[in-house]
Amino acid sequence: DRVLSTAPVIDGIEPATGTVGSYITIIGRNFGDRGQVYFRQGTARGVADTRFPAACGNNYWRNGSITVKVPAELQDGLGARVPVRLGRYEVSVARDGLSESSRVGFQVLSGAPAPGICAIQPIAGPGGTPIKVIGEHFGLTAARVIFPAGTATIDAVTTALADQEIQATVPTAATTGLVRVSAGGQISNGVIFSTRNCNEEASI
C-alpha cells in the first residue's frame, strides 16, 4: 500500500452537480489506495455509494482520482436515516479513516441518474488502443465515447455497446484528459485516460 504523510486534497468534482445514483469523479491528490468519501448536510453524514458493476473491480480509487456514486441516504447525529434530497451537500475524502480533506460543495439535483463511468480498461494507451468503458446507464443505442483532443473533443469509434460496457478504439488525435460518455442526452462523469504508454511513462 502507498504510504502518505500529507492529507488528501480535492481539486475539483466532476461534474459538480448530479442526482442520487449518479457517478462523480473527485480529482485531487494524496488519496492513497483506499479510504472513504463522505457526503454531509448539517449534522447528517453518509458514505458515498461504491456499488459498481463487477467488471469495475477496485479501479474506482486511485491516488489522483476517485469515482463514486451519490448516496441515497445519510445518517444524522442520532443514527437516524436521512434521505438525500435536492440541495447543497459537502463532500470530503478520508484516507484510511485517519486524514481527511477539506470539504467541497456539491449540488444534488432531481431526476434519473446520468450515464456513469467507473473504469476504463486499460487506463492508458496511444491512439489505436482498444478499450472497454465500464459503467451504467449507457443505454443500448447511440452512446458516444468522447475523448479530449487538445482544446477540442473527438468521438471514439465504438465497436460494441451494452448498457454497462462500451468497446471502442482510442482516436489517433486524442490527448490525455477526461473521457466521458454521452447517452440519452446526458453526459457522464469524466475519467482520466492517459494517451502515453509504458515506454514513455513508467508509472502507467
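**Note on a predicted model: one sheet, some backbone details and three salt bridges**

1. An open sheet of 4 strands runs in the order β12-β13-β17-β16, and the pairing is antiparallel. At its edges are β12 (116-121) and β16 (157-162), each of which pairs on one side only. Neighbouring strands of the sheet are turned by 20° against each other on average, direction ignored. The model is predicted, and every value in this note is to be read with that in mind.

2. Within this sheet, β13 (residues 130-136) and β17 (residues 165-169) pair in the antiparallel sense over 5 bridges. Residue V133 stands opposite I166 of β17. On the β16 side, β16 and β17 also pair in the antiparallel sense, over 5 bridges. Here the bridge partner of L161 is I166 in β17. I166 is thus a useful residue to find when viewing the sheet: V133 stands opposite I166, and L161 has I166 as its bridge partner.

3. How many residues does the hairpin between β16 and β17 pass through? The hairpin joins β16 to β17 through 2 residues.

4. Two cis peptide bonds deserve a look. One joins E14 and P15, with omega about -5°; P15 lies in the loop between β1 (9-14) and β2 (17-19). Another runs from Q121 to P122, with omega near -10°. P122 is placed in the loop between β12 and β13, two strands that belong to the sheet of point 1.

5. Positive phi values occur at two residues that are not glycine. For N30, phi is about 65°, and this residue sits in the loop between β3 (23-29) and β4 (36-41). For A142, phi is near 70°, and its place is in the loop between β13 and β14 (144-149). Are these residues buried or exposed? N30 has 18% relative accessibility and, because buried means under 20%, counts as buried. A142, at 68% relative accessibility, counts as exposed.

6. A search of the whole structure finds 8 salt bridges. Side chains of opposite charge can pair when their charged atoms come close. Three of the pairs are described in the points that follow, beginning with D11 and R29, then R180 and E14, then D49 and R51.

7. D11 and R29 meet through their side chains in a salt bridge of 2.7 Å, N to O. D11 belongs to strand β1 and R29 to strand β3, so the pair ties together parts that are 18 residues apart in sequence. D11 is exposed, with a relative accessible area of 52%, while R29 is partly exposed at 42%.

8. R180 forms a salt bridge with E14, and the closest N and O atoms are 3.0 Å apart. Because R180 lies in strand β18 (residues 177-183) and E14 in strand β1, this pair ties together parts that are 166 residues apart in sequence. R180 is partly exposed, with a relative accessible area of 26%; E14, at 15% relative accessibility, counts as buried. E14 also takes part in the cis peptide bond to P15 noted in point 4.

9. The side chains of D49 and R51 form a salt bridge at 3.0 Å, N to O. Which of the two is buried and which exposed? D49 counts as buried at 13% relative accessibility, whereas R51 counts as exposed at 65%.

Key:
Residues are numbered from 1 along each chain as its sequence is written. This is a predicted model: local features need pLDDT of at least 70, side-chain atom pairs count only at pLDDT 80 or more; totals for chains, interfaces and linings use all residues. Side-chain values use heavy atoms; hydrogens and water are left out. Two strands pair if DSSP finds at least two bridges between them. Axes are lines fitted to C-alpha atoms, for helices over the stretch in contact, and angles run from 0 to 180 degrees between N-to-C directions. Buried means under 20% relative accessible area, exposed over 50%, partly exposed in between (1.4 Å probe, protein chains only). A salt bridge is a side-chain nitrogen of Lys or Arg within 4 Å of a carboxyl oxygen of Asp or Glu.
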